[in-house]
Amino acid sequence: MTQVIAAIHWLCYKKHMKLTGYRRTTQILFIFFIFLMPVLNIFRYDTDTHDLIIFCNAWSLGLAPGFSADHSSLGAFHIAMRFILKAILPWLLFLSLFPLLGFLTGRFFCGWFCPEGALFEYADFLTLKLLGRRNLFNKKPNDPVLPLHNRLRYGIIAVLSMIVIPLLNGVALTGYLVAPKTIWNQIVTWNFTFGVKAGIIGVSLYMIITAVFVRHVLCRFVCAAGLMQMLFGWISPVSIRLGMDTARISACTDCKGCDRACFMNVTPRKNKRDISCVNCGTCVEACNEELGMGKGLFHLGFGQGCTLPRENCRNVVKGESTLSA
Ligand code: SF4
Ligand code: SF4
């Protein structure tokens, strides 16, 4: 029950946060999708049969039994082509997904879909409620200021979350390697094979360590999918970007709401392309809250970030003393 309350608070901890509401919806739907993929046989590897299962079908190289007996050049060519067409090409196609996503949307996936990103935001939220800062170790200048109350309740929620969420993820993600039906039977009979135990414990430990100690540092410096999106989003002239209406910069009250809203430690008013920005739109909402709905200085859009021509934009930003505050 306490976890349900925390989840509801996390979902709508500020009023009028439409973008955040949509974002929580996409994040939760994607978590369900990741959990259900092995259960519905959409994608999983079966270590028992050594089959890769894609959309309920076993994906094989299509080599006939006894193929290795054919030592002719034609036989070798046939095997090589099978590897290229059925293993290397599909893998390259899959890998190209993240650069393509980055080119078109920047790090939008990180902010709107990534289950780990959602978990880290939830961990930030609980740490804020418990310690008054996002980070476990030290307070940063852009930490939101929140009244500390109900700490016992949030302490219980944090402990329960640290047990339930990693275990749930451990069970769900082990399903990518062991048939979910087998895992379920082992849970019901409480009789686990070494592989299932190792999968659940390994994933759980990874989740606890990253959610408690590492969080967005992992998104910024370690995650390969994030780095690919970051790189291709950075060079792309068309990707989704945070834009700033620099022509109206004088309307800024220097409330620092945008800085405090950013869990990726970006300073949105610097109006620079920041490779850590995940296009979440939280700063857009923070500024709308300060200046009035639709009157905020930020927006998310495709292409260049600034609404002025590039040169003007640079000059305005250079000459704007409040931005360095
Ligand atoms: S700068 Fe704004 S859009 Fe980018 S990550 Fe920070 S809050 Fe989200
Ligand atoms: S939220 Fe808007 S008004 Fe407040 S500091 Fe940021 S840009 Fe300025």
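This briefing covers two ligand shells, a three-stranded sheet, one bent helix and some loop residues. The model is predicted, so local features are given only at pLDDT of at least 70 and side-chain atom pairs only at pLDDT 80 or more, while totals for chains, interfaces and linings use all residues. Residues are numbered from 1 along each chain as its sequence is written, and chains are lettered from A and ligands numbered from 1 in the order in which they are written. Helices (H or I, at least four residues) and strands (E, at least two) are DSSP runs, numbered from the N terminus.

**Ligand shells**

- A residue is near a ligand if its C-beta atom, placed from the backbone, lies within 6 Å of it.
- Ligand 1 has 13 residues around it, and those that come nearest are Cys262, Val266, Cys277, Cys280 and Cys283.
- For residue classes, Ala, Val, Leu, Ile, Met, Phe, Trp, Tyr, Cys and Pro count as nonpolar, Asp, Glu, Lys and Arg as charged, and the others, Gly among them, as polar.
- On that basis the shell of ligand 1 holds ten nonpolar and three polar residues, and no charged ones.
- Ligand 2 is surrounded by 14 residues, of which Cys252, Cys255, Gly257, Cys258 and Cys287 come nearest.
- Helix H12 (257–261) and helix H13 (282–291) are the elements that give two or more residues to the shell around ligand 2.
- H13 contributes the most to this shell, with four residues.
- The shell around ligand 2 is made up of seven nonpolar, three polar and four charged residues.

**The sheet**

- Strands S1, S2 and S3 form an open sheet in the order S1-S2-S3, with antiparallel pairing.
- Strand S1 (43–46) and strand S3 (57–59) are the edge strands; each has a single partner, so one side of each lacks a neighbour in the sheet.
- From one strand to the next the twist averages 35° (axes are lines fitted to C-alpha atoms, for helices over the stretch in contact, and angles run from 0 to 180 degrees between N-to-C directions).
- Two strands count as paired if DSSP finds at least two bridges between them.
- S1 and strand S2 (residues 51–54) run antiparallel and are joined by four bridges.
- Phe43 has Ile54 in S2 as its bridge partner, Tyr45 stands opposite Leu52, and Asp46 is partnered by Asp51.
- The hairpin of S1 and S2 has four residues between the strands, and His50 in the turn has a positive phi of about 60°.
- S2 and S3 are also antiparallel and pair over three bridges, with Leu52 opposite Trp59 in S3.
- The hairpin of S2 and S3 has two residues between the strands; Phe55 in the turn has a positive phi of about 45°.

**Helix H7**

- Helix H7 (residues 151–174) has 24 residues and spans 34 Å from first to last C-alpha, close to the 34 Å expected at 1.5 Å a residue (the expected span is 1.5 Å times one less than the number of residues).
- At Ser161, H7 bends by about 30°, the bend being the angle between axes fitted to the seven residues ending there and the seven starting there.
- A residue is buried if 20 or more other C-beta atoms, placed from the backbone, lie within 10 Å of its own, exposed if 12 or fewer do, and partly exposed in between.
- Buried residues of H7 include Tyr154, Ile157, Ala158, Ser161, Pro166 and Asn169.
- Leu168 belongs to H7 and is partly exposed, with 16 other C-beta atoms within 10 Å.
- The C-alpha atoms of Leu168 and Val203 are 9.6 Å apart, with their positions 35 residues apart along the chain counted as separation.

**Loop residues with positive phi**

- Most residues other than glycine have a negative phi.
- Asn150 has a positive phi, near 55°, and lies in the loop between helix H6 (115–131) and H7.
- Asn150 is partly exposed, with 14 other C-beta atoms within 10 Å.
- Asn279, also not a glycine, has a positive phi of about 55° and sits in the loop between H12 and H13.
- Asn279 counts as buried, with 22 C-beta neighbours inside 10 Å.
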